[in-house]
Amino acid sequence: MIERIKVRQLALTPAIALNERLSDLKSFDIVLVELQLSSGVIGYGDALIVDGTTPETLEQAWMIVCTLADASIGASAPDATALYLQSHRVAPHATTALVAAVEVATGEMAVDTSIEVPLVGLVDTSGSTAFADSLEILPQFGRGVIRVPLTGDVPEDLGMLNQMREMTDDGARCRLYGDQAYTPEDAIAFVSALDPAGIEWLDQPCAAGDWDALAAVKDASPVPLAASGFIYDDDDIANAAAMADSVGFAFARMGGAVQLRSAIRNAETRGLCVFVGGSLQSDLTTFLEVQASDGAIVDLPAFSAAAEPLLSAEVFNEEGRLTVRPTSPLRLNEETLASCTLQELSFG
């Protein structure tokens, strides 16, 4: 039975390169859920809300989390999860935070063991100096896998790829992230001029949900196409299977570990290559994501998008391999809570 839920709003400092449309962002808004069962066991989940990249705004996420938290006090874990998931389509990140907290508390998520995962290299395309600097550190990523965010400017992106190829190992493999930056016409122009050598996939070049645009780009593309924007349920996965070669899931929006694992199985059954790995997420979400990845490719350029950790854990990054050793039982970072919390409410 759910006995108590504490909800906090935090402002964390961005610690990754942001694309042009997010470059003015001064902080990451986090809605953090701390849920306690009647047994005393505590679970955690969070939602990082950035307007324009999540269906819900910060105000909506806060309101939905607080409303559902209040309504679920005294409910069993299965009943609370069912209640939360009724709002998944309209507020996927907010409901995922609540469901994840239940899953951690009930043991659905194995959070008492370390994780180890290879990080991919990340090219910073926010400017010429940042781009050159990011190329210098790519050799530390031993697998030779590079995530390349695209700008949506066809000549600029093609030129950047050519320059990167000149400065990296011939065996390097690239994963291109369109981040919905292209019009359908520009996306087709980009793939038509693209040298496919060493490119594993091109992810979400056009607006999420525009399946006709994705299909048109796929017809013109010499590289596999991936869909990852706003994909939440079986209908979305069916559309991806018809229009793309790969699908990307992020734990932060999938409605918890059970939902993510089900989505991975569904996509693989439909013949899709599956990868997991969000960009705008906290260390807590990344930790849970890796635990729930269920054999899918883990595509992570960083452990967290924020400078301040939510988790109390030891984190090591050596030669591009990330190791995280959390406390047992799982605990939040008290220093971050003290310095970054803007408001909190308790229910129960």
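Buried here means under 20% relative accessible area. Keep that cut-off in mind on this walk through a predicted model.

**Stop 1: the aromatic cluster**

Select Tyr-177 to begin. With a relative accessibility of 11%, Tyr-177 falls in the buried class because the limit is 20%. Now add Trp-201 and Phe-275 to the selection: ring pairs join these two and Tyr-177 into a cluster. The structure has three aromatic pairs in total.

Look at Tyr-177 and Phe-275 together. Their ring centres are 6.4 Å apart and the planes meet at 80°, so this pair is edge-to-face. Colour the strands and you will find Tyr-177 in β7 (residues 173-177) and Phe-275 in β11 (residues 273-276), so the contact ties together parts 98 residues apart in sequence. Phe-275 is buried as well, at 2% relative accessibility.

Next, turn to the other partner of the cluster. How are the rings of Trp-201 and Phe-275 arranged, stacked or edge-to-face? They are stacked, with 4.3 Å from centre to centre and 10° between the planes. Trp-201 sits in strand β8 (residues 199-203) while Phe-275 belongs to β11, so this pair bridges parts that are 74 residues apart in sequence. Trp-201 and Phe-275 are both buried.

**Stop 2: a salt bridge between two strands**

Clear the view and select Arg-4 and Glu-34. They form a salt bridge, and their closest N and O atoms are 3.3 Å apart. Arg-4 is in strand β1 (residues 2-12) and Glu-34 in strand β2 (residues 28-37), so the bridge ties together parts 30 residues apart in sequence. Both of these charged residues are buried.

Widen the selection to include Lys-6, Arg-8 and Glu-344. Together with Arg-4 and Glu-34, these residues are linked in a network of salt bridges. For context, a search of the whole structure finds 13 salt bridges.

**Stop 3: Arg-89 and its two partners**

Now centre on Arg-89. Its side chain meets that of Asp-233 in a salt bridge, at 2.5 Å from N to O. This pair links distant parts of the chain: Arg-89 is in the loop between α2 (77-85) and α3 (92-106), and Asp-233 is in the loop between β9 (225-227) and α8 (234-243), 144 residues apart. Try a surface display here. Arg-89 has 44% relative accessibility and counts as partly exposed; Asp-233, at 26%, is also partly exposed.

Keep Arg-89 selected and add Asp-236. These two form a salt bridge too, with the closest N and O atoms 2.9 Å apart. Asp-236 is in helix α8, 147 residues from Arg-89 in its loop between α2 and α3. Is Asp-236 buried or exposed? Asp-236 is buried, with a relative accessible area of 7%.

**Stop 4: a negative patch on the surface**

Leave the salt bridges and switch to a charge-coloured surface. Select Asp-153, Glu-156, Glu-185 and Asp-186, which form a negative surface patch. Zoom in on Asp-186 and show the backbone: this residue is in helix α6 (residues 184-192). Asp-186 is partly exposed, with a relative accessible area of 33%.

Key:
Residues numbered from 1 in each chain as written. Predicted model: local features only at pLDDT ≥ 70, side-chain atom pairs only at ≥ 80, totals over all residues. Heavy atoms only, no water. Patch = residues over 30% accessible without salt bridge, like charges linked within 9 Å, V, L, I, M, F, W, Y side chains within 5 Å. Areas by Shrake-Rupley, 256 points an atom, 1.4 Å probe, with all protein chains shown as cover. Salt bridge = Lys/Arg side-chain N within 4 Å of Asp/Glu carboxyl O. Lys, Arg positive; Asp, Glu negative; His and termini not counted. Charge placed at Lys NZ, Arg CZ, Asp CG, Glu CD. Helix = DSSP H or I, 4+ residues; strand = E, 2+ residues; numbered from the N terminus. Buried < 20%, exposed > 50% of the residue type's maximum accessible area, 1.4 Å probe, protein only. Phe/Tyr/Trp six-rings, centres within 6.5 Å; stacked < 30°, edge-to-face > 60°.
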